[in-house]
Amino acid sequence: MKNNEDFDLYSHCGLAHAYQCKYSITIGEFPKPVEHPNFAEAEAQNTRGIAYCEKGEVDKAIATFGKAIDLKPDYANAHYNQGLAYMKKGEVDKAWCAYHRAIQCKRNYAEAYNNRGITYQRKGETIYALQDYTMAIGLNQELTEAYTNRGSLHLDRLDIQQALDDFHIAIKLDPDAGLAYGHAGVAYLHYQHWKKTKADWTVAAILRVDIRPLFYTRYGSIAAFAQKTGIQLPADVVDMLCPDKPMPEFEEGARLKLALEAYDREELSTGLSARLAGMSREAFIYAMGKHGLSPIRLTAEELREEAESARKATSYQQ
């Protein structure tokens with residue numbers, strides 16, 4: 001099981017490499033970047049700090065990002081990267097300050113709002129965390145991590161449907177959003193949708209996400225969950241939460257078999273089954289036919305998508 005720091009670090013966006021220069025606008029001209037005398041050296045220090053971070057030398061990284069900031073105080077990415085490094089050390093207040101400074105330097109910095117929201121959530125200031133996640137989404141509606149983080153916060157507050165709405169958007173944006181699948185499985189426990197829980201947790205496992213910290217960090221134990229919610233988990237769900245059970249490994253053939261079985265048991269749609277199998281929906285439907293399964297349970301939306309795919313394929317051949 002992971003500790004609380006690891007649980008909260010999952011949603012951090014990557015280190016910021018590029019710097020968005022300010023612009024000087026002259027009538028009739030395209031914007032031109034303003035030269036800064038120290039920018040080249042500041043950028044070099046920022047890159048050096050990233051290298052230290054990737055090597056696990058966090059203290060050196062923090063100091064090096066500080067040098068970049070000394071050279072160029074409004075270097076938003078250096079402030080942001082320093083915040084990531086502070087979070088790796090568990091220094092949440094210092095991380096908050098770094099993200100806050102990044103936002104002051106670059107008001108539309110969606111990733112910085114998202115990560116400042118993480119620090120608020122770590123400190124228990126959930127209203128501010130919710131505001132920051134929502135601001136991040138407003139600035140970048142394709143920022144998967146912000147939807148996952150906001151959904152996690154809704155789940156903590158037992159706003160289950162709002163949590164699921166955010167997780168489903170994250171999954172739609174990024175089919176590899178394993179943490180969104182994992183959290184969604186936890187959310188479905190509250191509705192006692194055992195099939196959906198097991199399906200989402202299985203996809204999360206395929207995507208190499210251990211769902212157990214997502215449950216135990218939030219509830220402490222299975223008994224505590226039952227006491228808090230009045231819900232008794234069935235044995236097969238409890239088995240997936242067993243702390244001593246190793247993470248499953250899935251070979252390509254085993255993934256297809258698992259996906260076919262999940263579809264046949266009506267646990268997954270064709271889209272999710274295909275994702276679990278690691279293939280396109282069209283390829284999965286073809287595999288279903290080879291194994292004697294019918295796609296007759298396609299939803300209206302799925303049928304429209306299949307018809308459109310077939311139409312495009314026909315037009316291409318002509």
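How are α10 and α11 oriented to each other, roughly parallel or roughly antiparallel? I opened the notebook with this point, working throughout on a predicted model.

**Entry 1. Helices α10 and α11**

I looked up the packing of the pair and found an angle of about 160° between α10 and α11, with the axes 8 Å apart. Angles over 145 degrees count as roughly antiparallel, and α10 and α11 are therefore roughly antiparallel to each other. I recorded the crossing of these two helices as left-handed.

I then listed the residues that meet. On the α10 side they are Gly178, Tyr181, Gly182, Ala184, Gly185, Val186, Tyr188 and Leu189, and on the α11 side Trp194, Lys196, Thr197, Asp200, Trp201, Val203 and Ala204. By class, I noted nine nonpolar, four polar and two charged residues in the contact of α10 with α11.

Between α10 and α11 there is a loop, and I placed Gln192 in it. Gln192 is not a glycine, yet its phi is positive, near 60°. I noted Gln192 as partly exposed, at a relative accessible area of 45%.

**Entry 2. Helices α8 and α9**

I turned next to α8 (residues 144-156) and α9 (residues 160-173), whose axes come within 8 Å and cross at roughly 160°. This pair, too, I entered as roughly antiparallel, and α8 passes α9 in a left-handed crossing.

Which residues of α8 and α9 meet? From α8 I listed Thr144, Tyr147, Thr148, Arg150, Gly151, Ser152, His154 and Leu155; from α9, Ile160, Gln162, Ala163, Asp166, Phe167, Ile169, Ala170 and Leu173. The residues of this contact divide into eight nonpolar, six polar and two charged.

In the loop between α8 and α9 I located Leu158. Leu158 has a positive phi of about 65° without being a glycine. Its relative accessible area is 43%, and I recorded Leu158 as partly exposed.

**Entry 3. Helices α4 and α5**

I examined α4 together with α5 (residues 92-105) and read axes that come within 8 Å and cross at roughly 165°. That crossing makes α4 roughly antiparallel to α5. I recorded a left-handed crossing for α4 and α5.

The α4 residues in this contact are Ala76, His79, Tyr80, Gln82, Gly83, Leu84, Tyr86 and Met87, which meet Val92, Lys94, Ala95, Ala98, Tyr99, Arg101, Ala102 and Cys105 in α5. I sorted the contact of α4 with α5 into eleven nonpolar, three polar and two charged residues.

Lys89 also belongs to α4, which covers residues 76-89. Is Lys89 buried or partly exposed? I found 35% relative accessibility for Lys89, and buried requires under 20%, so Lys89 counts as partly exposed. I also noted that the C-alpha atoms of Lys89 and Val58 are separated by 7.4 Å, although the two residues are 31 apart along the chain.

**Entry 4. Nonpolar cores**

How many residues does the largest nonpolar core have? I recorded 76, and those with the most contacts inside this core are Tyr80, Leu155, Leu189, Phe215, Leu233 and Phe284. Helix α10 (residues 178-191) gives the largest share of this core, seven residues. A second, separate core has six residues, among them Phe39, Ala68, Ile69 and Ala78.

Three of the names in the core list had come up in earlier entries: Tyr80 meets α5 from α4, Leu155 meets α9 from α8, and Leu189 meets α11 from α10. I followed Leu155 further. Setting aside neighbours within four places in sequence, I found Leu155 in contact with Ile160, Ala163, Phe167, His183, Val186, Ala187, His190, Arg218 and Tyr219.

I also checked Phe284 against Gly271: the two are 13 residues apart in sequence, and their C-alpha atoms are 8.7 Å apart. Gly271 lies in helix α16 (residues 270-277). With a relative accessible area of 22%, Gly271 is partly exposed.

**Entry 5. The chain as a whole**

I closed with totals. I entered 18 helices and two strands for the protein chain. The chain has 318 residues, of which 44% count as buried. Among contacts with a separation of 6 or more, I noted that 58% join residues 24 or more positions apart.

Conventions:
Residues are numbered from 1 along each chain as its sequence is written. This is a predicted model: local features need pLDDT of at least 70, side-chain atom pairs count only at pLDDT 80 or more; totals for chains, interfaces and linings use all residues. Side-chain values use heavy atoms; hydrogens and water are left out. Axes are lines fitted to C-alpha atoms, for helices over the stretch in contact, and angles run from 0 to 180 degrees between N-to-C directions. Helices (H or I, at least four residues) and strands (E, at least two) are DSSP runs, numbered from the N terminus. Angles under 35 degrees count as roughly parallel, over 145 as roughly antiparallel, 65 to 115 as roughly perpendicular and the rest as oblique. A crossing is left-handed if the near helix is turned anticlockwise from the far one by less than a right angle, and right-handed if clockwise. Contact means heavy atoms within 4.5 Å. Ala, Val, Leu, Ile, Met, Phe, Trp, Tyr, Cys and Pro count as nonpolar, Asp, Glu, Lys and Arg as charged, and the others, Gly among them, as polar. A nonpolar core is a set of buried Ala, Val, Leu, Ile, Met, Phe, Trp, Tyr and Cys residues joined through side-chain atoms within 4.5 Å. Buried means under 20% relative accessible area, exposed over 50%, partly exposed in between (1.4 Å probe, protein chains only).
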